[in-house]
Amino acid sequence: MAEEVKSPVPPPPPEGEKKPAAEQRAAPASAEPVKPAAPAKPAGPVPVPWMSPLVEKYKGQYGSGIDAQTYLGQNYFAVDRSLIPNILRLLRDEEQFDYCVDITAVHYPQREKQFDVVWILYSFPRNERVRVKTQIADGASIPSSVSIWATANWLEREVYDMFGIQFDGHPDMKRILLPDGWKGHPLRKDYGILQQDNEWVQINLGIESGQ
Amino acid sequence: MNDSTHDASNRGLSNLDLETPEKPYLDSNELIINMGPQHPATHGVLRVILKLDGEKVLGTECVIGYLHRGVEKIAENRTYTMFNPYVDRMDYVAAVSNGLGYCEAVEKLMNVEAPARAKYIRVILTELNRIASHQLWLGTHALDIGAMTPLFYTFRDREEILKIFERYCGARLTTHAFRIGGCQYETYAGFEKDVKNFLTFVAPKIDEYEELLTTNRIWIERTRNVGVISAADAISLGVTGPVLRASGVKWDLRKAQPYAAYSEFNFDIPTGTNGDTYDRYLVRMAEMRQSLRIIEQAVNGIPEGPIMAKVPKIIKPPVGEIYHSIEAPKGELGYFIVSDGSTQPYRLRVRPPSFVNLQALDTMVRGLLVADVVAVIGTIDIVLGEVDR
């Protein structure tokens, strides 16, 4: 009780005012607010084009196959699938993105090209992060980047395990977290949260169901 | 011997690219043995398949996933608030760090910033947790190598940290200490005194650990030049945290891309030179002292004010995606969150430091003896809950 009296009365109003001001920088057009908290949220900040010499260089080279945006201060490339091994290799060799932080995917079942594959890269010399995204269809494969960053080995195996996306040229393309004989790829949106490979469970664990 | 070849084909080892040594004098075969998943030195349920020539390791393959709970799938089926306690169950010896990373990632996605006081509380608890995590690592790592005493010393002192957590939020391990937007709990009466007491209590204890090990000949023999990884290999393998710093790369996210209130404190980034197990030990010991420095500055400068930013009761970030990462005790812990504007994450990806660092095991143990594998698993400092998620 004592805390409640102490804290909310004087300090929060300046806090409340500071925040929308910060938001307005990102989304100035978010209309006349009635309540300070409400309008910023549904509108949200929008991605803006990312301007840098790096982007211009690659746009000049690859033209429309590459799009560069900034969202909440984070830069990303949306790249055509056919450019993938080249762009990643160039980012490492020429732009010093020497550390592949993570490789992951996002599933959009309603889209024609169902998967986003995402590389999160970091450069030690530039202290800068960039994301590279590409869209691929269900059943399509994507070139492996193990020859570019050794760390891609397990990360790509996990993407395969969870989404069923094949990486061409991967030295050991098999499941990593789930057992080898498992059916289904759990992070696809059509895989239910309670769903399991009951056949595998019955054969290997000798029980009716894992639930 | 037939058994071992049979095993190899069964376990898919044929895919593993292992060099065969030149024909030895006697006709001997390579031996494939299994370490774990029920093995005290694998720190949980890690299974390592070792390919051996006598006692020399020719190659390894890690089999993981025994603790897989589908954390990322769970996230898609829970609201942002409901998912918050789940992250504590990944790296359960550094639960506070997991929570910090998650809360900051969601805050970033919502364009909210935690108040200054909340940031300071976060720093204090996270650094306490870093010390606790390193203490647990030291105790178990030394025990694996054969030194039993450090385990008792570190667990005795780690208890004091857990007591502070317990008084702060009621939980010792899976603390759920932070909320999206700040902290739920104001510090309890006597929190600052407890933390200051802990600082004076633990500083000489760290010297005590070092007395036991740093100049101990057995310890040096077992760790120096064992599990060497070069800076170039470490970067290519995506290794982060103390393992990367021991190879001579001076990189710490708290300095490189400061989050919470870290930009306001003075501290150094300890680095090693050889990238061996001994250097990693020294780096972590030095890190504990740096954490004490940070905590001291934070607890002396903790500002007054609110501990929660204005966040709506129902967390509903706008459509978009964010990657945010922090320097967890084990390395870079990142969260990649895709929001579709609803109350549940559309996709939540955890970039686990233990998982990525464990991949370097094979590079580090080739050519060593079986006993060194135990030392190297210990020195990478993995938590299987985070490897498998």
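In the predicted model, the crossing of helices H5(B) and H12(B) is left-handed. The residues that make this contact are, on H5(B), Tyr120(B), Val123(B), Ile124(B), Glu127(B), Leu128(B), Arg130(B), Ile131(B), His134(B) and Trp137(B), and, on H12(B), Arg284(B), Glu287(B), Met288(B), Ser291(B), Ile294(B), Ile295(B), Ala298(B) and Val299(B). Helix H5 covers residues 116–145 of chain B and helix H12 covers residues 277–300; the two pack at an angle of about 160°, and their axes are 9 Å apart. Because angles over 145 degrees count as roughly antiparallel, H5(B) and H12(B) are described as roughly antiparallel to each other.

The chain that holds this helix pair contains 16 helices and eight strands. The radius of gyration of chain B is 22 Å, close to the 21 Å that the globule rule gives for 389 residues, and chain B is therefore as compact as a globular protein of that length. The C-alpha trace of chain B spans about 75 × 50 × 35 Å along its principal axes. Of the 389 residues in chain B, 54% are buried. Among the contacts in chain B with a separation of 6 or more, 70% are between residues 24 or more positions apart.

Strands S1, S2 and S3 of chain B form an open sheet in the order S1-S2-S3, with antiparallel pairing. Strand S1 (31–35) and strand S3 (56–63) of chain B each have a single partner strand and stand at the edges, so one side of each is left without a neighbour in the sheet. From one strand to the next, the twist averages 25°. Strand S2 of chain B, formed by residues 47–53, is joined to S3(B) by seven bridges, and these two strands run antiparallel. Within this pairing, Val48(B) has Cys62(B) in S3(B) as its bridge partner. Helix H15 of chain B, residues 370–380, lies across S1, S2 and S3 of chain B and runs at about 145° to S2(B).

Further along chain B, strands S6, S7 and S8 are linked in succession by hairpins. Strand S6 (residues 320–328) of chain B is joined to S7(B) by nine bridges, and the two run antiparallel. The bridge partner of Tyr323(B) in S7(B) is Phe336(B). The hairpin from S6(B) to S7(B) passes through two residues. S7(B) also pairs with strand S8 (residues 345–351) of chain B, in the antiparallel sense and over six bridges. Here, Val338(B) has Arg347(B) in S8(B) as its bridge partner. The hairpin formed by S7(B) and S8(B) has five residues between the strands, and Gly341(B) in the turn has a positive phi of about 85°. In strand S7 (residues 331–339) of chain B, nine of the nine residues are buried, so this strand is largely enclosed by the rest of the structure.

Chain B also touches chain A. The contact takes 42 residues from chain A and 44 residues from chain B. On the side of chain A that touches chain B, the elements that give two or more residues are helix H2 (12–26), strand S4 (99–107) and helix H6 (152–163) of chain A. H2(A) gives the most to this side of chain A, with seven residues.

Key. Residues numbered from 1 in each chain as written. Chains lettered and ligands numbered in written order. Predicted model: local features only at pLDDT ≥ 70, side-chain atom pairs only at ≥ 80, totals over all residues. Pairing = 2+ DSSP bridges. Helix = DSSP H or I, 4+ residues; strand = E, 2+ residues; numbered from the N terminus. Axes fitted to C-alpha atoms, helices over the stretch in contact; angles between N-to-C directions. Contact = placed C-beta atoms within 7 Å. Rg over C-alpha atoms; globule rule 2.2 N^0.38 Å. Buried ≥ 20, exposed ≤ 12 C-beta atoms within 10 Å, placed from the backbone. Parallel < 35°, antiparallel > 145°, perpendicular 65-115°, else oblique. Left-handed = near helix turned anticlockwise from the far one by under 90°.
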